[in-house]
Amino acid sequence: MKRFLGVLGLSLLLAACSGEEEGSKSDEKEGIVVATTGQIGDAIKIISGEHLQVTTLMGPGVDPHLYKATQSDLTKLDGAEVIFYNGLHLEGQMQDIFDQMAEEKTVLAVAEQLDENTLLADEENATLHDPHIWFDIDLWTEVVDVIGNTLVEEYPEYKEDFETNEKAYLAQLGELKEYATGRIEEVPASQRILVTAHDAFNYFGESQGFDVRGLQGLSTDSEYGVKDVQNMVDYLVENNIKAIFVESSVSDKAMKAVIEGAKEKGHDIVIGGELFSDAMGAEGTEEGTYLGMYKHNVDIIVDSLK
Ligand code: ZN
């Protein structure tokens, strides 16, 4: 790299001496894009194909609500040409960094590009919106399109490939939606109640016809109390719920307290399985992709509640 810069410096110097204006090489983009969450990074990688170097900051099991940028993240963000993040306060600890970076490069909060009327309110703070928009496939489809359009604007030289890739991906999202709808019909309407560790699934519930309850608020910042556990136990017993679900990025301590509480009342509840909520699965696995993660969640939920 140092050597490259040396050569570049020399050639610029030579160009300056001879008075020749070559297309300024330093303006040429290298295709370095950084995303915060796995689902955003996944969409960028699929649309960009081989053309861009995509880095995702938050890996499997990472909780974006609490995530603080490391020194290495700051270096990556600094070196990025374009930064994509979810927004709507999902990455609550990183907003100052994004605001600062936005002064010198394109920094896009993808969820904040959606029509406000399509967003759900935060249950605890009505002035905020629920950030977990990727669980509504229609909204996520719009986000994918926003990402695609932004990439085309930033890297017009790859327009054709990006558009071809996006089109194919949108078709896969359509197939995923059909698959989810078909599977959810297997669950009787009275059992379409989804209880999880934190409120990540309101968009899932809204789009797929589930009543959703989370033990913690929308952000994992908020602590759950004894009263929350008690209320949840009562709710589960009253509705005769068979299974509740833990999440890969949230501690299951509270859920275990709920199961114990229900047991004391003579009601058995099982943990239906682990859902991916804010973080996706390991890279290289099916659940490490948006399509695979969503399908995994639908299969786990349907198989536990049907
Ligand atoms: Zn969340």
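**Surface, cores and sheet of the predicted model**

The protein has an accessible surface of about 15200 Å², 49% of which belongs to carbon and sulfur atoms (Shrake-Rupley method, 1.4 Å probe). The model is predicted: local features need pLDDT of at least 70 and side-chain atom pairs count only at pLDDT 80 or more, whereas totals for chains, interfaces and linings use all residues. Residues are numbered from 1 along each chain, and side-chain values use heavy atoms, without hydrogens and water.

Of the 306 residues, 49% count as buried (under 20% relative accessible area, 1.4 Å probe, protein chains only). The secondary structure comprises 10 helices and 8 strands, taken as DSSP runs of H or I with at least four residues and of E with at least two, numbered from the N terminus.

The largest nonpolar core (buried Ala, Val, Leu, Ile, Met, Phe, Trp, Tyr and Cys joined through side-chain atoms within 4.5 Å) has 59 residues. Phe84, Ile133, Ile147, Phe204 and Tyr290 have the most contacts inside this core. Domain 1 (2–10 + 29–178) and domain 2 (187–305) both supply residues, so the core lies between them; the domain bounds come from an automatic or database assignment. Another core, of 19 residues, lies apart from it and includes Ala197, Val229, Val233 and Met255.

An open sheet is formed by 4 strands in the order 2-1-3-4, with parallel pairing (at least two DSSP bridges between two strands). Strand 2 (53–56) and strand 4 (106–109) are the edge strands, each pairing on one side only. Strand 1 and strand 3 are joined over 3 bridges in the parallel sense, and Val34 has Ile83 in strand 3 as its bridge partner.

Note on methods
Buried means under 20% relative accessible area, exposed over 50%, partly exposed in between (1.4 Å probe, protein chains only).
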